[in-house]
Amino acid sequence: MSHPDIRPPATEWSAETVLESLRDRFGLDGTDLEPLGGELDQNSVVRLADGRRVVVKVASPGADVAHIAWQHELMRRAGAPGRLGGVLVPTPARALNGETVVLVDGEGGPRALTVQNWLDGSTLAGLGHHSLELLAELGATAARMVAALADAPGPPTGETHHWDLVRAGSAVAAGLPAVADPTRRAAVTTLIERHAEALATQVEKLPVAVLHHDLNDFNVLARRAPDGTHHVHAVLDFADALRTTRVSELAVAVAYAMLREPDPLRAASTVVAGYATHGELTEAELAVLFPMAAARLCVNAVTWTARSAGQESGYGQARMRHTWPTIQRLAAIPVELGTAMLRAAAGRPLEPVRPPRPQVRALEHNTPDDVGGHLEPAERRRRTSATGEPETLRLGTSVDARAPFDVRLPADGVVEPGGEPALLLRHVPADGAPYWSRWHGVAPQDGALAAGASLGTATRLQVGLFPSLAAAQLAGRLVPAGELTGWAAVSPDPGPWLGLTVAHEPSRPDRVWDAAHVVAARDRHFARSQRSYYRRPMNLVSGRGSWLYDDLGRGYLDAINNVTHVGHANPRVVAAAAQQLGWLNTNSRFVYPGIAQYAERLTALLPEGLEVAFLVCSGSEANDLAIRMARQVTGRRDVLVVDGAYHGNTSVITGLSPNRYKGPGGTGPDPTTHEVVQPNLYRGEFGYDDPAAGERYAADVRRQARRLVAEGRPPAAFIAESAMGTAGSIFYPDGYLRESFAAVREAGGLCISDEVQVGFGRFGDAFWGFESQGVVPDIVTMGKPIGNGHPMAAVVTTREIADAFDSGMKYFNTFGGNPVSCAIGLAVLDEIEAEGLQHHAAETGRHFRAGLETLRRHELVGDVRSHGMYLGVELVRDRVTLEPATEEAYVVSELMKDEGVIVYPTGADNHVLKIKPPLTFTAGDADLFVSVLDEVLDRDW
């Protein structure tokens, strides 16, 4: 409380005095004392003889005992279970006389002494990163605090104090002379003027309540959950409690949430959304919230600059270190945009503002070769939040032409000075509010200009419309995607004003197929079992090479798409598909060159003897056909599978996929399915240090095969992925498949290699995964990479097996091997060969693996494993017990997505980061992946 009669203590009590007073007045035996920070009071944490810790507060001289007792009453109310569950706050201890506040005569005179229980946790200021979930919880905490104190009595003394947000202007004025930096002074002046303007029209409409009034980043504690994420745990320090405008509680929380944030509006919006889930916000409160939050930081910075002048103040320096940079950022945000963003976060509908009516047509018909729409993507840049969301959306309408075109002013206007290099004009229509236009690409002008006045000629033009001169001056030509909703409500679309019609749909909140609408439609029309990646998914619209792009121009490095084997939108593949689609596409029972050409080309890549191809549409279908073939040829039913394997989603193949039938909702294996132990060098019985691990694991295959023979049900087949993808990127030890295949063949069974995940050069040292084990299977299945995302797959076997499969029943696949699929398949093979992608996979894979190995310094990283461009990072909570870090893996994936890198968990416990990017992935891409993962693992979640 900063009343005139309250001041920081001139003399601090010694540790001996504090401990003696604690013993004499509270009957608590303290053994050691550690000072804590504080604005005015002398705060200490004391360890008691019984091991507990308490916080001892020696109040500033002049502090009123009745007022402190009132604060204790607020703490009791805040901590009590209520409609919203209450808030965890410290509990004041009672002294030997039964009171919670006692006066003690110590060094420097009598002072009020209080004791509270210690609460564990990290202050928000002490965390290096605040997740969106944590910020939303902060907003919800502010709402719960308001609800808990709704019926609290007002203070017995002091109706206001220095930190009262209503009087922020006077608090800043008192300390501003101490701010020597002119840039800082200008920023503070801008924000305080906005605060004054907002309050001038709204203060009488603002509800009033008793508040904690200081939910700053040192007063809110967070605790780590089992998944490693931090959550709001408790609220400290009621010393600034006050009866004032209700919105101040949220404004303070918003203010300190914006500290350290490269994107303060994103943080502020998240806090407001959390508050609005539990608390009410009136229109007047929303009108003042953004200026009030900014004003709080101004009071903070100016106050501590003044108090710290000429002296060392650790607490003051800590308060200012991040405050000044944030003030600079906030001063550069138009107040209209900030207010619109917070209104949207509170759930208020925002309609795109209507463009003004032009008086004349601005652009002639000889104009545009290319028109770029308002708030549409103009750039494609990697998404990131750590350094601030990239600016990808065009603010205004742009026109590009090969030849110069005439530009005329659509409405009367007056040139505003200081707009260079842009031309700024103020327009005052007879039937509406003033607005401003900003022109890039035309010559400078002066004075008043009439509608129809020539602005010269241009070949590149960008025009924006704004509600104020400040907004026109502060806004960039490009804005971040996260600000789309706000700008759509603030800046009208200039297209109609210029007389232009943009042919393509604008990226605005009212467009139908934004991410929210796509997710909602999926939820309506798809089953819950058809899950998509991520809790907050991106809305993808394009891709190129190793990158994907969403509808707002944000780019994502794709580290999991082994489907688009030769890169997204590969030009060779696109051209082949388009050309063939324009010529012929029909079913595979007709004769056409493509199917013969592709079969010959594909089988030539396989070991001798594997020469008969069956072209199908998916890996699941390929494996289903392979099992059907093995069973029919051998006359047997039983099949050996590796524990944890995944082979597809048909009824037969699901029954042969332990990853599915042993997982959530699984009903167990088919009676003819027999698991062999997973050859896992990290978790299994035989590890990396065992040179005979391959043979030892294969011994279980031999045991199972011999058991089945002894039972009179010898195996039809052994099906094994050449590397276990969905099981968690498991790579077989040397000799495993060689010994396993020998054991199965000894029992009369066939050996099936599932190459759906890893074929076509991904391993680098071999074109097919099974080749790295030195074996030749009887049947090979392939899918995913074969068509670069086109639904295409294949089964290849020997002539002997193919002939034995021909029992007279016809087999054909309507779409498998159609002309377009074959053209695409040939283009993929051409691209792999022409670009040397198999060699590239080997080189880049080694580089990638080396980078990932450096991340073992993080305790969460248990194992790193790879073969070529198929990699896995296994996350564990304990390197001894190997407890899977499932929840952490999902958190890591979500955070990496927010930084523009796509990865996702896999494995039986979904704790292994699967990394299987397009083979266009470069060493630079690998370095980016490693650096982002490193940064995410370093964060306080």
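**Close-up views of a predicted model**

**View 1. Glu721 in strand β27.** Glu721 belongs to strand β27, which runs over residues 717-721. The model shown here and in the other views is predicted. Glu721 is buried, yet it has no salt bridge. Lys784 is the nearest side chain of opposite charge, and it is 9.2 Å away from Glu721. A salt bridge would need a side-chain nitrogen of Lys or Arg within 4 Å of a carboxyl oxygen.

**View 2. Surroundings of Glu721.** A polar atom of the Glu721 side chain lies 3.4 Å from the backbone nitrogen of Gly725. Beyond residues up to four places away in sequence, Glu721 touches Ala645, Tyr646 and His647. The list of residues touched by Glu721 also includes Thr726, Tyr732 and Asp754.

**View 3. Helix α21 from end to end.** Helix α21 covers residues 693-710. What span should its 18 residues have at 1.5 Å a residue? The expected value is 26 Å. The end C-alpha atoms of α21 are 26 Å apart, which agrees. Just after α21 comes Gly712, with a positive phi of about 80°.

**View 4. The two sides of α21.** The buried residues of α21 are Ala693, Gly694, Tyr697, Ala698, Asp700, Val701, Gln704, Ala705 and Leu708. Why do they line one face of the helix? Seen down the axis of α21, the buried residues fall within an arc of 135°, so they line one face. The face turned away from this buried side carries the exposed residues Arg703 and Ala710.

**View 5. Packing partners of α21.** The buried residues of α21 pack against strands β25 (639-642), β26 (673-676) and β27. Helix α22 (736-746) is also among the elements they pack against. Strand β27 is also where Glu721 lies.

**View 6. Gln445 in a loop.** Gln445 sits in the loop between β17 (435-440) and β18 (448-449). Leaving aside residues up to four places away in sequence, Gln445 touches Val415, Leu423, Ser454 and Leu455. Gln42 is 403 residues from Gln445 in sequence. In space, the two are 62 Å apart, C-alpha to C-alpha.

**View 7. The whole protein, for context.** The protein has 941 residues, of which 56% count as buried. It holds 27 helices and 35 strands. The C-alpha trace spans about 100 × 85 × 45 Å along its principal axes. Of the contacts with a separation of 6 or more, 74% join residues 24 or more positions apart.

Terms used: Residues numbered from 1 in each chain as written. Predicted model: local features only at pLDDT ≥ 70, side-chain atom pairs only at ≥ 80, totals over all residues. Heavy atoms only, no water. Helix = DSSP H or I, 4+ residues; strand = E, 2+ residues; numbered from the N terminus. Buried < 20%, exposed > 50% of the residue type's maximum accessible area, 1.4 Å probe, protein only. Lys, Arg positive; Asp, Glu negative; His and termini not counted. Polar contact = N/O pair within 3.5 Å; in protein donor to acceptor, adjacent residues only side chain to side chain. Contact = heavy atoms within 4.5 Å. Expected span 1.5 Å × (residues − 1). Arc of directions from axis to C-beta.
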